[in-house]
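Trainee: I should like a close look at a single part of this model, the disulfide and its surroundings. Please set it in the context of the whole chain.

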Amino acid sequence: MKLFRVGGLMLAAAQPTLLAAATPDIPTLAAAYGARPTARRMQMSPSGDRILYFTPAGTQGLAVVAADVATGATKILLSSEKATIVPSSCGWKSEARVICRVYFIRDTGSERLTFLRAMSIAADGSSRITLGQRGDPEAIQID
């Protein structure tokens, strides 16, 4: 390897074979750059034994996952593969229940209805309860 002095700095000229080996894999880098985060909005349960996080589902959707910190076991609590049902926020109500706000988009043909619902979900995924009144005028909005 040759060394060159440029403006008081010593620079190394790499061999052509070393430069070829360092050529980046553009398709892999592009896929990584465009990939959605694998875990975000993480929250720890009140006891610290579990975590709750959002992860991609399908090409556009999101899933809400509860994971056991000690064992690494995971359970999908809520999932949508389309952008028409989107979990917007979730948090631990207790060690046994999670409260999520879910954003819905419905096309009626001439109008698009969007509304937000709160759901209570068992931390083991066994039951879901929609919270609030369905007829609440503030829960439905027309775009």
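Mentor: Buried residues, meaning those under 20% relative accessible area with a 1.4 Å probe and protein chains only (exposed is over 50%, partly exposed in between), make up 24% of the 143 residues in the chain. The model is a predicted one, in which local features need pLDDT of at least 70 and side-chain atom pairs count only at pLDDT 80 or more, whereas totals for chains, interfaces and linings use all residues. Residues are numbered from 1 along each chain as its sequence is written, and side-chain values use heavy atoms, with hydrogens and water left out.

The chain contains two helices and eleven strands; these are DSSP runs numbered from the N terminus, helices being H or I of at least four residues and strands E of at least two. Their sequence pattern is β-β-α-α-β-β-β-β-β-β-β-β-β. Taking contact as heavy atoms within 4.5 Å, 30% of the contacts between residues at least 6 apart in sequence join residues at least 24 apart.

The structure holds one disulfide, defined as a pair of cysteine sulfur atoms within 2.5 Å. Cys90 and Cys100 form this link, with their sulfur atoms 2.0 Å apart. The angle about the S-S bond is 115°, and the link of Cys90 and Cys100 is right-handed. Cys90 belongs to strand β7 (residues 85-92) and Cys100 to strand β8 (residues 97-107), so the disulfide ties together parts that are ten residues apart in sequence. Both Cys90 and Cys100 are buried.

Beyond residues up to four places away in sequence, Cys90 touches Gln43, Leu52, Phe54, Val64, Val98, Ile99 and Cys100. Several of these names return in the largest nonpolar core, a core being a set of buried Ala, Val, Leu, Ile, Met, Phe, Trp, Tyr and Cys residues joined through side-chain atoms within 4.5 Å. Of its 17 residues, Leu52, Val64, Leu78, Cys90, Val98 and Cys100 touch the most other members. At least two residues of this core come from each of β4 (50-57), β5 (61-68), β6 (74-80), β7, β8 and β9. Strand β8 gives the most, with four residues. A second, separate core has six residues, including Tyr53, Ala57, Ala63 and Ala67.

Some of these strands also form an open sheet of four, in the order β3-β4-β5-β6 with antiparallel pairing; two strands pair if DSSP finds at least two bridges between them. Strands β3 (40-44) and β6 are at the edges and have a single partner strand each, so one side of each is left without a neighbour in the sheet. From one strand to the next, the twist averages 20°, where axes are lines fitted to C-alpha atoms, for helices over the stretch in contact, and angles run from 0 to 180 degrees between N-to-C directions. The antiparallel strands β3 and β4 are joined by three bridges, and Gln43 stands opposite Leu52 in β4. Gln43 and Leu52 are thus found again among the residues that Cys90 touches. Strands β5 and β6 pair in the antiparallel sense over six bridges, with Leu62 opposite Ser80 in β6.

Strand β9 (residues 112-122) contains Ser120, which counts as buried because its relative accessibility is 7%. Outside its neighbours within four places in sequence, Ser120 is in contact with residues including Arg97, Val98 and Ile99. Val98 and Ile99 are also touched by Cys90.
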